[in-house]
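Dear colleague,

I am passing on the structure below, and my notes on it follow directly after.

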Amino acid sequence: MERKLSIVIPVFNEEESLPVLYQEVEKSIQETIASGLISAYEILFISDGCTDGSIDAVKKLIAQDSNVHLIVFRKNFGKAAALQAGFRHSTGDIVITMDADLQDDPKEIPRFIEKIDEGYDLVSGWKYNRLDPLEKRLPSKLFNKVTSTLSGVKLHDFNCGLKAYRRKVVKSIEVYGEMHRYIPILAKEAGFRRIGEKVVCHRARKYGSSKFGMERMVKGYLDLITVSFLSHFGRSPMYFFGGLGTLMFLLGGCS
């Protein structure tokens with residue numbers, strides 16, 4: 001089967017993890033090629049304003065593997081911007097995203113491709129047995145419940161970085177702010193209704209420290225309000241604003 005895979009990996013100060021991650025990803029990709037699921041691949045690392053040795057670590061990988069590529073941000077713009085850059089530059093028929101901290105298991109790569117081949121446009125990972133500390137698990141569980149209820153997208157884990165997409169999905173959406181959490185919702189609003197999930201192995205962080213914080217959670221909820229507003233009222237402004245809202249919506253669309 002002539003089919004190319006793109007692996008998109010946002011990176012923010014994960015110098016120690018990168019050599020190990022590459023070895024695991026490369027091994028899984030070669031097994032995936034051997035099984036006939038793909039015939040070519042690329043690995044895109046996006047340095048999101050790294051201040052450690054992550055860029056040099058990726059450059060060493062590039063020197064030994066022409067399938068590895070690096071995009072460098074001059075400052076930290078956030079995970080959403082990094083994913084958007086990866087989506088924009090990806091050339092694969094299937095795109096898989098994963099985090100750089102080794103908590104996502106590259107062994108899942110062929111299983112996600114098989115799930116896409118079942119007919120899904122997007123497959124999201126579900127960290128069923130999550131190994132993060134309690135203070136991170138509880139807010140995340142609440143967030144996922146609220147997001148699923150408001151959006152109508154029935155997923156258990158919107159935050160999981162391990163996802164697979166058909167090429168047409170990543171080329172049809174725009175990810176910004178903290179919207180990386182809501183990619184399945186953005187995909188649904190873009191017309192892609194075949195959204196599934198897969199239970200994945202979640203591994204404890206081995207190097208570095210988590211980038212999670214209350215500020216990110218607050219921003220996430222604010223973006224959820226934005227997504228929910230656009231989803232519910234963007235198509236039917238009369239419902240929310242009445243005639244004046246419809247007029248403003250039409251004028252705004254013409255500006």
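In this predicted model, Asn-13 sits in the loop that connects E1 to H1, and its phi is near 55 degrees, a positive value in a residue other than glycine. Most residues other than glycine have a negative phi. Asn-13 is partly exposed, its relative accessible area being 24%.

A positive phi, near 75 degrees, is also found at Leu-102, which belongs to the loop between E4 and H4. With a relative accessible area of 6%, Leu-102 counts as buried, because the cut-off for that term is under 20%.

As for the interior, the largest nonpolar core holds 33 residues, of which Leu-5, Ile-7, Ile-43, Phe-45 and Ile-96 touch the most other members. Two or more residues each are given to this core by the strands E1 (4-11), E2 (40-48) and E4 (94-97), and likewise by the helices H1 (17-34), H2 (54-64) and H4 (109-116); the largest share, five residues, is that of H1.

Ile-7 may serve as an example of how these residues meet: leaving aside residues up to four places away in sequence, Ile-7 touches Val-25, Ile-29, Glu-42, Ile-43, Leu-44, Ile-96, Met-98 and Ile-109. Apart from this core there is a second, separate one of 29 residues, with Leu-155, Val-170, Val-175 and Ile-195 among them.

With kind regards

How values were computed:
Residues are numbered from 1 along each chain as its sequence is written. This is a predicted model: local features need pLDDT of at least 70, side-chain atom pairs count only at pLDDT 80 or more; totals for chains, interfaces and linings use all residues. Side-chain values use heavy atoms; hydrogens and water are left out. A nonpolar core is a set of buried Ala, Val, Leu, Ile, Met, Phe, Trp, Tyr and Cys residues joined through side-chain atoms within 4.5 Å. Buried means under 20% relative accessible area, exposed over 50%, partly exposed in between (1.4 Å probe, protein chains only). Helices (H or I, at least four residues) and strands (E, at least two) are DSSP runs, numbered from the N terminus. Contact means heavy atoms within 4.5 Å.
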